[in-house]
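I opened the notebook today to look up pockets, a cavity and a strand pairing. Here is what I wrote down as I went.

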Amino acid sequence: MTHRHYLETEAVRLEYQFLRPARSTGPTLVLLHEGLGSLALWKDFPVQLAEACQAPVLAYSRQGYGQSSPVSLPRPLDYLSVAGPDELERVLDGLGLDQVVLIGHSDGASIALAYAARQDPRVRSVVVLAPHVDVEPASVEGVRLTVKAYARGDLRERLHAYHGDNLDGAFLGWSEAWLNPAFTAWNLHRELSCIQVPLLAIQGREDEFATAAQLETIARTVSGPCRTVMLAHCRHFPQNQARPQVLELISEFLAALAQ
């Protein structure tokens, strides 16, 4: 059954959708979207993930995205390692979730890793897709190219359907943070060393926003069990560009944990 509601937390309204297949068991899979994403921009991935894993799935739009409350700009440069995880904690508390698997994409992957580092016992494991654990030249160049597409209007028009009045706040909050020269010092290296739960990290070989160094840093630094997978013929959106492989990898990862 699909539930789409709004969670009120500290004067902020967050849109969310909860999927629970008829035979679903185990922890709730919590989806954390990318820097220009939203609940709606996951499209049918949450439904397919719920069915593939036979698990409940929660997706929500972070503040400033989709139909959630707007956010004040500029975003703090630690928004991925502090504000995002703080908000995630309020979501878990507000919805009364006691066992979760965090599944994040891009910016959402960074938030998932930063939250896992807090060692909340509710977090059983983590899956990250195209994660960022530090700022590479490829990341900055990818953002610059995205800003150009936004200025031309084609990207802006496509995103407006998902973000509405939040569009400029969502885009500028993301792009201005990543292009701020001071942001090059941001990283999750300290947080990674605190992650003890099982971790699956997936990246496309042709990722236009990062290199394989992201997965290498994760594998070298985390304290718990970790598997990294590089997918051929895939760029920055593995859940769209290599969906069958991603669904299989996640379902196998969760099945092994349940044994």
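The entries below go from open pockets to enclosed space and then to one pair of strands.

**Entry 1: a reminder to myself**
I am working with a predicted model.

**Entry 2: the largest pocket**
I began with the largest pocket, which holds about 710 Å³ of space. I found 33 residues lining this pocket, and those closest to its centre are Glu34, Leu36, Leu155, Arg158 and Phe237. Next I looked up which elements give two or more residues to the lining, and I got four helices: H4 (137-152), H5 (154-163), H6 (167-179) and H9 (238-241). Helix H4 has the largest share, with six residues. I also sorted the lining by class and noted 13 nonpolar, 14 polar and six charged residues.

**Entry 3: the second largest pocket**
I then moved to the second largest pocket, with a volume of about 310 Å³. Its lining has 16 residues, and I listed Gly26, Pro27, Leu254, Leu257 and Ala258 as the closest to the centre. Which elements supply at least two residues of this lining? I found strand S6 (123-129) and helix H10 (243-258). The largest share is four residues, and I traced that share to H10. By class, I noted nine nonpolar, six polar and one charged in the lining of this second pocket.

**Entry 4: enclosed space**
How many cavities of 30 Å³ or more are there? I counted one. The largest cavity has a volume of about 30 Å³, and I wrote down its lining as Thr9, Val12, Leu14, Gln63, Glu87 and Arg90. Strand S2 (12-19) and helix H2 (79-95) are the elements that give two or more residues to this lining. When I split the cavity lining by class, I got two nonpolar, two polar and two charged residues.

**Entry 5: a strand pair**
Last, I looked up how strands S7 and S8 are arranged. S7 covers residues 199-204, S8 covers residues 226-231, and the two run parallel, joined by six bridges. I followed the chain from S7 through helix H8 (residues 213-221) to S8, and I noted this β-α-β crossover as right-handed. Which residue in S8 is the bridge partner of Ile202? I found Val229 there.

**Entry 6: for a quick return**
If I come back to the pockets, I will start from H4 for the largest one and from H10 for the second largest. For the cavity, I will start from S2 and H2.

Terms used:
Residues are numbered from 1 along each chain as its sequence is written. This is a predicted model: local features need pLDDT of at least 70, side-chain atom pairs count only at pLDDT 80 or more; totals for chains, interfaces and linings use all residues. Side-chain values use heavy atoms; hydrogens and water are left out. Two strands pair if DSSP finds at least two bridges between them. A crossover is right-handed if, with the strands pointing away from the viewer, the path from the first strand over the helix to the second runs clockwise. On a 1 Å grid over the protein atoms alone, a cavity is a set of points where a 1.4 Å probe fits but cannot get out, and a pocket is an open set with protein on both sides within 12 Å along at least five of seven lines; lining residues have an atom within 4 Å of a point. Grid points are joined across faces, edges and corners, and a volume is the space filled by probe spheres set on the points. Ala, Val, Leu, Ile, Met, Phe, Trp, Tyr, Cys and Pro count as nonpolar, Asp, Glu, Lys and Arg as charged, and the others, Gly among them, as polar.
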